[in-house]
Amino acid sequence: MFNALLLDKQEDRTVASIQSIDESRLGTGDVLVRVEYSTLNYKDALAITGQAPVVRTFPMVPGIDFAGIVEESTHADYQPGDAVVLNGWGAGETHWGGLAQKARVPGDHLIPLPAGITTQNAMAVGTAGYTAMLCVQALEKYGVAPQDGDVLVTGANGGVGSFAVAILAKRGYRVIASTGRPEEAVRLRELGAADIIDRATLSKPGKPLQKERFAAAVDCVGSHTLANVCASLRYGGAAAACGLAQGMDLQATVAPFILRGVALLGVDSVYVPRARRMAAWNAIANELPVAVIEGVAATIGLSQAVEVAEQLLRGEIKGRVVVDVNR
Ligand code: NDP
């Protein structure tokens, strides 16, 4: 038996409860993992509260990511005792995810935990930090470099945003953090932001072409914000779009693309090929100081996950939430 947060559907309502579950109910997969830590991502909060159709089949254990120790494996790459990480691949959406003490998954969905990072800190980074790194790598693959000018991060106080600020600053970029919580300016500056702007300056419909302010951007927000970001990129600039915290819509014109040659780079973390996952995780382990990782995260127990998911959707959580599934 193991403990898990289980989501069920009752008369169109998602009901979440901690349950003791028999191991035989775990899905198929060639690796059984003893989960140590999971996290609460924005998507998990949507799933737990039932506010968006993240979960495809019920009952479901949510949790799009986890880190733990292999307990049983028939996969050639994994032996009992190996420390592993999983991000995405439909965990917590189409098959049971990480907010549980056990998870059975295809070994191809796992990557080995990089040396020098604990399972707890891997989840402090979580899908948010890993997505932030994918965004930065997408911008740099496109050709963006620190000498090009300021880089904007929207949703800067969120999980992806916080890590994007830290990673970019560590790589030598001058980072402008856009936030609706200016009271967190000190924290953002500690992470490496050179300047803070109020997200309200970006959140309403704006002109198709605006002052050329940013060489690049990591956008966690979508909607009018992303349209304004594209309109504010310098000639030849690029924005990595990964999120929809303001909305999924994008009411923009083609003007920035055809008149300033800017690029909009889509970033998905769920089905990224393994080689790019490994590159992102290795860069995180090599570059991010432990103090930064630990400073961004707070740890809660499994029983607090529902309450904290609601707070997260109300925008009351800053940084990352790690879930210790064993308490
Ligand atoms: P968080 O909830 O931690 O952060 C989102 C941040 O967005 C908030 O902290 C807030 O930042 C800002 N925000 C919230 N509401 C609004 C609004 N109405 N208008 C403008 N800004 C707003 O989420 P994550 O950091 O985990 O994820 C960020 C986004 O990225 C989400 O949409 C998530 O679904 C997406 N995502 C996508 C992935 C992918 O594979 N593409 C992977 C991971 C996440 P502030 O207080 O600073 O204003």
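This briefing covers the surroundings of Glu93 and the aromatic pairs of the structure. The model is a predicted one, and it holds two aromatic pairs. Glu93 is placed in the loop between β5 (83-87) and β6 (102-105), and Trp89, a member of one aromatic pair, is in the loop between β5 and β6 as well.

**Glu93 and its surroundings**

- Glu93 has a relative accessible area of 11%, and because buried means under 20%, this residue counts as buried.
- The side chain of Glu93 is joined to the side chain of Lys43 by a polar contact of 3.0 Å.
- When neighbours within four places in sequence are left aside, Glu93 is in contact with Lys43, Val54, Val55, Arg56, Thr57, Met60 and Ile64.

**The pair of Trp89 and Tyr271**

- Trp89 and Tyr271 form an edge-to-face aromatic pair, with 5.8 Å from centre to centre and 70 degrees between the planes.
- This pair links distant parts of the chain, since Trp89 and Tyr271 are 182 residues apart, with Tyr271 in the loop between β13 (263-266) and α7 (274-287).
- Tyr271 has a relative accessibility of 52% and therefore counts as exposed, the cut-off being over 50%.

**The pair of Tyr130 and Trp281**

- Tyr130 and Trp281 form a stacked aromatic pair, in which the centres are 6.2 Å apart and the planes differ by 15 degrees.
- Distant parts of the chain are linked here too, with Tyr130 in helix α2 (residues 119-142) and Trp281 in helix α7, 151 residues apart.
- Tyr130 and Trp281 are both buried.

Terms used. Residues are numbered from 1 along each chain as its sequence is written. This is a predicted model: local features need pLDDT of at least 70, side-chain atom pairs count only at pLDDT 80 or more; totals for chains, interfaces and linings use all residues. Side-chain values use heavy atoms; hydrogens and water are left out. Helices (H or I, at least four residues) and strands (E, at least two) are DSSP runs, numbered from the N terminus. Buried means under 20% relative accessible area, exposed over 50%, partly exposed in between (1.4 Å probe, protein chains only). A polar contact is a pair of N or O atoms within 3.5 Å; within protein, one must be able to donate a hydrogen and the other to accept it, and residues adjacent in sequence count only if both atoms are side-chain atoms. Contact means heavy atoms within 4.5 Å. Rings of Phe, Tyr and Trp (its six-membered ring) pair if their centres lie within 6.5 Å; planes under 30 degrees apart count as stacked, over 60 as edge-to-face and the rest as tilted.
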